[in-house]
Amino acid sequence: MRAFGFLSFGHYGGSPTQGGLSARQMLHDAIDISVGADELGVNGAYFRVHHFAQQSASPMPLLSAVAARTQRIEVGTGVIDMRYENPLYFAEEAAALDLIADGRVALGVSRGSPEPAERGWESFGYTGSTDPRGADIAHAKFEAFVQAIQGEPMARAAEQPYGAPVQPGQGLRIEPYSPELIRRIWWGAGSRETAERTGTQGLNLMSSTLLTEATGAAFGDLQAEQIQGYREAFREAGHAHTPRVSVSRSVFPIVTEQDRMLFGLRPGDGADQIGIIDGHRSTFGRTYTGEPDQLIEQLQADAAVQAADTLMLTIPSQAGVELNLHILESFATHIAPELGWRPTTEGPVQGDPIR
């Protein structure tokens with residue numbers, strides 16, 4: 001690990017008298033947390049995307065606002081559900097965001113996770129999937145998105161083209177065009193097979209908060225094996241560039257008595273969890289809570305944290321700006337330097353070369 005950022009689910013709702021946030025307050029808090037994190041040298045501000053839920057959605061307005069208010073921090077998603085996207089409009093938005101952010105983008109995308117709605121993407125107008133999870137349309141949309149952001153022609157000029165200096169029948173690419181955007185696209189993978197396909201495609205890997213297997217091995221060890229498979233597939237495909245790899249963890253440093261009251265471990269918090277998701281017996285990562293020396297030792301022993309270049313800290317975003325910046329500052333001050341952290345003042349995050 002040489003970089004860390006925060007991953008926000010963007011929860012809102014609940015009774016205002018009991019600290020519940022409105023959607024407006026959640027969005028403003030997200031921007032303020034990002035600005036504060038940028039000042040701390042934190043490397044990334046990433047947001048989950050869920051539809052039909054009181055959580056973050058339609059991420060481009062938020063990411064654009066964050067990019068405009070910050071200087072160095074990477075802005076991105078973890079992850080955008082491709083089932084709900086128009087791939088060409090998404091390509092336009094992604095390129096515009098990349099240009100606004102001066103290349104500080106890390107867009108995580110995937111097939112999408114289980115959700116409250118029954119085939120909710122069909123309510124957005126995207127029908128025709130024969131897969132109950134919508135994987136078929138997600139992958140088809142992603143292929144079109146990749147073609148678009150790489151500048152391939154996605155339409156033909158009319159016989160009498162209006163409003164643009166083009167020749168009749170000329171191939172037209174999506175505009176704006178950001179040449180290096182493809183290097184800033186990540187695929188969210190929850191299985192070894194998906195990770196290996198991601199490596200073959202030459203994309204960055206955003207390893208999920210869960211893995212669709214449960215062998216009894218530690219979550220970090222399973223995830224490290226997934227990352228190794230990804231890198232082997234990347235190398236075998238002959239890609240020449242250097243990819244990025246991220247993992248997510250819940251980490252709460254205890255440096256004050258208030259921290260101890262808020263984040264003290266409850267029974268079961270300090271162990272991996274096993275559950276069923278999408279019909280698969282799956283392993284979910286543990287929560288790390290403790291004093292800095294304990295957390296340094298535990299995270300150094302987490303094989304996946306050591307294998308990745310970027311660690312995303314899941315934060316209790318609904319708890320407000322001050323508390324979340326305290327968590328990030330505590331991690332940056334007391335823990336991250338011992339794990340190899342390089343703040344944004346030292347330049348953009350670099351991945352590990354594939355040999």
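**Figure 1. Packing of helix H2 against helix H3 in the predicted model.** Two packed helices are described by the angle between their axes and the distance between the axes. For helix H2 (residues 59–69) and helix H3 (residues 87–100), the angle is about 10° and the axes lie 9 Å apart. Angles under 35 degrees count as roughly parallel, and H2 is therefore roughly parallel to H3.

**Figure 2. Residues at the contact of H2 with H3.** From H2, the residues Met60, Leu63, Ser64 and Ala67 take part in the contact. Their partners in H3 are Phe90, Glu93, Ala94, Leu97 and Ile100. By character, the residues of this contact comprise seven nonpolar, one polar and one charged.

**Figure 3. Helix H1 and its surroundings.** Helix H1 covers residues 23–40, a run of 18 residues. From its first C-alpha to its last, H1 reaches 26 Å, close to the 26 Å expected at 1.5 Å a residue. Which residues of H1 are buried? They are Met26, Asp29, Ala30, Ile31, Ile33, Ser34, Val35, Gly36, Ala37 and Asp38. These buried residues pack against three strands and two helices: strand E1 (3–8), strand E2 (44–47), strand E14 (310–315), H2 and helix H10 (321–334). Just after H1 comes Gly41, which takes a positive phi of about 90°.

**Figure 4. The environment of Tyr288 in strand E13.** Tyr288 belongs to strand E13, which covers residues 287–290. Is Tyr288 buried or exposed? A residue is buried when its relative accessible area is under 20%; Tyr288 has a relative accessibility of 5% and therefore counts as buried. Leaving aside residues up to four places away in sequence, Tyr288 touches Arg249, Ser250, Val251 and Phe252, together with Leu295, Gln298, Leu299 and Asp302. Thr77 is 211 residues from Tyr288 along the chain, and the C-alpha atoms of these two residues are separated by 23 Å.

**Figure 5. The protein chain that holds these details.** The secondary structure of the chain comprises 10 helices and 14 strands. The radius of gyration is 20 Å, close to the 20 Å that the globule rule gives for 355 residues, so the chain is as compact as a globular protein of that length. Along the principal axes, the C-alpha trace spans about 70 × 45 × 45 Å. Buried residues make up 51% of the 355 residues. Among contacts with a separation of 6 or more, 72% join residues 24 or more positions apart.

Methods. Residues are numbered from 1 along each chain as its sequence is written. This is a predicted model: local features need pLDDT of at least 70, side-chain atom pairs count only at pLDDT 80 or more; totals for chains, interfaces and linings use all residues. Side-chain values use heavy atoms; hydrogens and water are left out. Axes are lines fitted to C-alpha atoms, for helices over the stretch in contact, and angles run from 0 to 180 degrees between N-to-C directions. Helices (H or I, at least four residues) and strands (E, at least two) are DSSP runs, numbered from the N terminus. Angles under 35 degrees count as roughly parallel, over 145 as roughly antiparallel, 65 to 115 as roughly perpendicular and the rest as oblique. Contact means heavy atoms within 4.5 Å. Ala, Val, Leu, Ile, Met, Phe, Trp, Tyr, Cys and Pro count as nonpolar, Asp, Glu, Lys and Arg as charged, and the others, Gly among them, as polar. The expected span of a helix is 1.5 Å times one less than its number of residues. Buried means under 20% relative accessible area, exposed over 50%, partly exposed in between (1.4 Å probe, protein chains only). The radius of gyration is taken over C-alpha atoms; the globule rule is 2.2 Å times the number of residues to the power 0.38.
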